[in-house]
Amino acid sequence: MGLLSLLIFLPLVATAIILLLPTSLRNSYKYIALVFTGAQFALAGYLYSQFDAAATGVNTRAGYQFVEQLSWIRMDLGTLGKLEIDYFLGVDGFSLPLLALSAFVMLMAIGASWNTTKSLKGYFSLLMILNLAVMGIFCALDFFLFYVFYEVMLLPLYFLIGIWGGARREYASIKFFIYTLFGSVFMLLVIVGLYFSVINPDTGAHTFNMLHMMNPANYVENSFFGYINNYHEIFGIPARRIGFIVLFFAFAIKVPIVPLHTWLPDAHVEAPTPVSIILAGILLKVGGYGIIRICLSIFPDAAVDANWWLGLIGIISIIYGALNALAQKDLKRLIAYSSVSHMGFVLLGIASLTAEGISGAMFQMISHGFLSAALFFLVGVIYDRVHDRYIYNFRGLASLMPKFTAYLAIAFFASLGLPGFSAFIGEAFVIIGTFNAESVGTGIPRWMAIAGSLGILLSAAYLLWTLQRMFFGETRLKGGEEWASALVDLNRREQLILFPALALALLLGIMPSLIFDNLNSSVLNLVALVAQYI
Amino acid sequence: MRDLLTISPISMSILVVLLPLAAFVIQAILGKKSTSGIVSLIAITASTLISGGFVFMAVWDNPPVSATYDWFTIGDKTFTLGFLLNNLSVLMQFIVCIIALPVHIYSRSYMKGDPGIHRYWMYLSLFCFAMLGLTISKNLFMLYIFWELVGFASYLLIGFWFTREAAVQANKKAFLVNRIGDLGFLIGIAIIFSTFGTLDLVDLFGKEGIFSQGIDKNTGWMTGAGIAFFLGAMAKSAQFPLHVWLPDAMEGPTSVSSLIHAATMVAAGVFLLSSIFPLFNETVLLIIAITGTITALSSAFFALGQYDIKKILAFSTISQLGYMMVAVGIGAWDAAMFHLVTHAFFKCLLFLCAGAVIHEMAHLKAHGNQEFDPQDVRNMGGLRRYMPKTFALMAIASLALAGFPLTSGYLSKDAIVITAWEWAMHHEGLYLIIPILLIVVSILTAFYIGRLIFKAFFGEFRLNDLDVTHLHDAPRTMLIPMLFLGIGAVFFVFSWNPLSYADAGILQGLSVEYPFAEAHALHVIVPIILTCGSLIAWWIGWRWYVKGSYPLNPQNRWIQASLNQGYLDEVYHKTFVKPTLKLAQASYWFDQYIVDGLVNFSAKAVRSLSSLSSWVDRYIVDGLVNSVAGTTYYTGHLLRWIQNGRLQNYLGFAFTIVLIGIIYLIIR
């Protein structure tokens, strides 16, 4: 059993143990979850340290590391050829940082679940299954396997929001589930289409292997998604473009892009704090990762045609998300909309198709991963204490909770892109990369970079305004004395969760090479792959 | 001394930057346990000594030295950390140190007893770290990082008293306005990076750099880059129309205003433009000069009507920064740097003196248990009798600000005004408006600073029901730093010749060659005009404010406009802030009711469709099935009646059937 399999299936062991233990031992569940997630984090850290930065990743098997390939399903379909589905895992510069991020955010989420009391058995086993699924998504190199993990991820989330959530939890969970499923169902069609278009050059059978799908030579001539002699059209749109659009649509819901984002504020607001942390920290990254790993790598030709629109969507998400955040009166909803805005930078960076832009987008994903997790955790701290998070019900919290305010201010400044913190590197290089796109000739005009930078201004506006409204000034609370005594400063557990996240934001802001070193050769390879079609 | 210089100035200059950072970290860890500020003070003292002894002395008038270290690689482009020591950067670094040191000492008594003082020292050290780092950065990316960090430190210090509503409004405003400039800076970086592929100052602007090889600077993108960088400098150096944050920033402690919002950080814009001067083409330079002139004039006008002692000084700072911008715009960035240096001393001193006055007024307020604004000059008067040393120092600083002979301000201001005349005479025509306006501004400057001095220090103390015996000079820990700065406001620190700026060491060290001819006559005429103008302004001020023969109506439209800062804040609120918030509201409405409405509508549509199909299923499809079943059942029900078990009936049926059969046969 390889290391990646171990990483993926460790949570399954935890689930089994939690399910087997009697409910009388329910207080031990969180420790089991913590130990297993901790082990995962250690393992991910080990993988990160052992990773060979020279590996080029993306489209060759040799470019991946810690590869595991077993044949999983083989079926003779008669005239349709042989069905070939592999259990195929591997990581490159794109997936490895996200893997480490997931393990980290999972740890934060377990820490944030410490005081959960409602049906612990179900809660922690679902959390562990979710953990399994996200790890699987970032490792899978077989499209079928990827899809399995992708769908498995939805199930625990549905229940976690629907059972442990807030007042409108049922509405939010259904909306989330159906919205995401809506995207992925069409993805399945494209997967099947790809399957029938691609042939494994070694066995001659159709395959779900993503790496084979990235090589134009493996496409059957005249097949639905083939490169050569492909006259297939749907509604007058070439088949390959349709494939790209459908896959992009599926992942874009996850990112989320405007206007497919409305599940996010509801899901975030209704979800319990740990699930918000996972949603913002990991789930949104699945979207960005999917666009890079699948849309860009399998359909580079279509990506080159469509990137102007991708960039436009990115800018709209940035500005529209920021404007909406400015209008919010619920702190959690504000953070949710700020996620929309910040993930817009990811899309803009990817659309630029320059090395700086894509690296910036990846960096922004990592940075947003733990910063948004920290922000949702901070919101959770207030909500835990007084069960309110309406901005105008609070004032002058800084005098009451100095430590909390310090952490929150650092998290706010880190997210608004203060140099020295990670988000700055991400956003700055997205802007620089987008600006550079015109020189490289990828078709993204420079005004997009300038428009995108407006989002940086707006994010400063809504975050500082919140800081001023809620934390500064004379203390005045809606709940009066009762609230004032309930709003105690951070305890040690809460600091233990927040400190590493913010320290990491600072560390990556000062030493971005921690990410870039492992990322660079994969990015260059991807850019080269796409550049053939410019 | 010589062998000391063998220590690498680069590593020494890095040490200068890192010491305040260490102080920041230590203070952050110690927290409330350390309130004396001794950590920060030791750090800045050491920085000052090292910067003066090992960096400035070693590099000034020697060839530039620089060092570059790889930082990180993106794709195949490597970004570096670099340190550049040339005359410009070591001068700036040294000045920052030498202004920061007295301010630290002053703060020890000025901020004594404040409950948040541990934060004060932390923020102050953070600021020093960022500002000192900014001065020696070798590439634009690194410069940008420090550029934003000084803004961040400034945000923290403006909002130091965070329970005051005005303070937290002001720091938000300062950060946001500066953000606009930062975006300009970032776009500028992007343009430079995508055009030249490097951000290194030496590679770009050095002796063998890209720009000295004669590239075409008159392209649209180069103009764009110039304007973008200038936008950054405009926000940081409070140039019209982005100056609005600086007067509000006076909500911070006065010691902070003196260091950050008068002497160092706000001058960073001028420093930036001087560092990247070769980038600018004629168009951009003209824009800079015009903006500088407008800033100098408008702020001098706003300063005339202010009553808050710190706001007068704030507008004066903006106005002087305008002078420096004009100097950059006419190509005399050495004069700009010279004025930056002299201005740092006398403006910092002015603020520290104002701080001493405010300190005393606040004490008086606490003693007398009365409500009045300790910063309002209308509440002062006659203070020279109670605070003679403060008065003397403030008078010297005011003379320097007005550019009176024998002061340092005289030298640097003349350098700018005279060079501006030479520049304008070279270009002729409308260009002459700029130097004329500069002279007008200079006279206005003399008037408003005279007004401040006359109102605060002359006449009688206006709050006569208070016990004036509580008013006395500042304690020695405050006076000594002030005295030190006072020395810096006198001519001999910069030039042995009190009447001509040509001998000033700074100008000679920076040695910029102007593309226009020197006009000797101007070197005599301009100083005479400026000095006479100042004297007349003071004579009028004396008559108005000391003798009490004030001829104007305070409700006069012009005076009101000056007091309200030209109503710019209101205009901005109406044209930018409100519409943005409205747009935010609108987009949230759009999000809730249109975007999400569409989602919910489609959910509803699907649900209605499914209930429709459920209806169809129940009443049409299943209805058909049920009606078949029902028909069968009914038929069966009907026929069941036949099977009733009575023999007679069966026989009767059989008979009937037979009868029907017979009838049928017959009829057929």
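Strand 1 of chain A (residues 65-76) lies largely in the open, because 0 of its 12 residues are buried; a residue counts as buried if 20 or more other C-beta atoms, placed from the backbone, lie within 10 Å of its own. Strands are DSSP runs (E, at least two residues), and helices are runs of H or I with at least four residues, numbered from the N terminus. The model is predicted: local features need pLDDT of at least 70, side-chain atom pairs count only at pLDDT 80 or more, and totals for chains, interfaces and linings use all residues. Residues are numbered from 1 along each chain as its sequence is written, while chains are lettered from A in the order in which they are written.

Strand 1 of chain A runs antiparallel to strand 2 (residues 82-91) of chain A, and 9 bridges join them; pairing requires at least two DSSP bridges. Within this pair, Gln69(A) stands opposite Phe88(A). The hairpin has 5 residues between the strands, and Gly78(A) takes a positive phi near 65 degrees there.

Chain A is divided into two domains, tabulated here with their shares of the contact.

| Domain of chain A | Residue range | Residues in the contact |
|---|---|---|
| Domain 1 | residues 1-297 | 48 residues |
| Domain 2 | residues 299-534 | 48 residues |

These bounds come from an automatic or database domain assignment, and contact requires C-beta atoms, placed from the backbone, within 7 Å. The domain centres, taken over C-alpha atoms, are separated by 23 Å. On the side of domain 1 of chain A that touches domain 2 of chain A, helix 10 of chain A gives the largest share, 14 residues.
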